[in-house]
Amino acid sequence: MKIDGHTHTELCPHGSGEPTEKMIQRAIQLGFTEYHLTEHAPLPDEFIAHYAGDPDNVATASLRWDQIDQYLALGRKLQKQFQAQIKVTVGFEIDYLADYEDTIKDFLAQVGPLTENNIISIHYLKAANGGYYGIDYSPNELHDGFSDDIQDGQRLYQRYFQTVLTSVAVDYGQFSPAKIGHMSLIKKYQDYFHLPATFSVPTMKLVKQILKVANEKKMKLDFNTAGLYKPYCNDLYPGQQILQQAQQQGVALEFGSDAHSIAEVGHGYHLFEYQSQN
Ligand SMILES: [Zn+2]
Ligand SMILES: [Zn+2]
């Protein structure tokens, strides 16, 4: 089995717009046997209306609510088209937002029966002023929301991991997400802000708690190679420290390219092979 478990589609507003069909063909060429479509689920309307960061961020972050059917239909079509060559599954990458848990649960209840391999991710954190800011949109936006935290680094990490912990601990019901997305996304701009390369003991304590809950809920961890190719990240998500801890605690890893274009499909896969062999 060779799985690309985290990919986006032609419907993603911040993607390349390249045909998803061609992305799947690329996966087949690379020998993948399974391909998980995990498009960004729509963000709650109220969240968008009260957003504190750059409005362009939330305007281009995800599918719109009126695109859900179109996305599911695209997924079904591709699933059928390629069924003899590769197993395609249709799911969502869902944003965890503390103030919108009910919207997330309603969404899962609605799409759960129609989807597989859903991912829970965090792209937004609540700042000290109560507003939400994106952590992976731009260095400016991260700084606008969290300039005090950035001074320390571990404080920024801890604010993030505290939210990750809450996101995995939630009881999502019958259609609970199967995987934690890019668990160290907070490091996307680590080299821009010269954030600490390693997590401190108190930060790792949160990581261990997250992995414990993940284990109890049989959630997998996204071995996400996208960060390697980001100019200010230059590392895997979730990075060596969390990978080692995850292996110690017995949390399963699943490769995800997080591809938003044809060329990104399967990128960095060999690192996952090496990790799996150790
Ligand atoms: Zn995306
Ligand atoms: Zn993501």
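I looked up helix 7 and helix 9 first; in this predicted model, helix 7 (residues 154–169) and helix 9 (residues 201–216) pack at an angle of about 15° with axes 9 Å apart. Axes are lines fitted to C-alpha atoms, for helices over the stretch in contact, and angles run from 0 to 180 degrees between N-to-C directions. Helices (H or I, at least four residues) are DSSP runs, numbered from the N terminus. That angle makes helix 7 roughly parallel to helix 9 (under 35 degrees).

I noted the residues that meet, among them Tyr 157, Phe 161 and Leu 165 in helix 7, and Leu 206, Ile 210 and Ala 214 in helix 9. Contact requires C-beta atoms, placed from the backbone, within 7 Å.

I then turned to helix 6 (residues 139–152), which packs with helix 7 at about 120°, axes 5 Å apart. Helix 6 and helix 7 are therefore oblique to each other (neither under 35, over 145, nor 65 to 115 degrees). Here Asp 149 and Asp 152 are among the residues of helix 6, and Arg 155 and Arg 159 among those of helix 7.

Last, I checked Ala 214. Leaving aside neighbours within four places in sequence, Ala 214 is in contact with Val 168, Ile 180, Met 219, Leu 221 and Val 251.

On conventions, I record that residues are numbered from 1 along each chain as its sequence is written, and chains are lettered from A and ligands numbered from 1 in the order written. Local features need pLDDT of at least 70, side-chain atom pairs count only at pLDDT 80 or more, and totals for chains, interfaces and linings use all residues.

Definitions and conventions:
Helices (H or I, at least four residues) and strands (E, at least two) are DSSP runs, numbered from the N terminus. Two residues are in contact if their C-beta atoms, placed from the backbone, lie within 7 Å.
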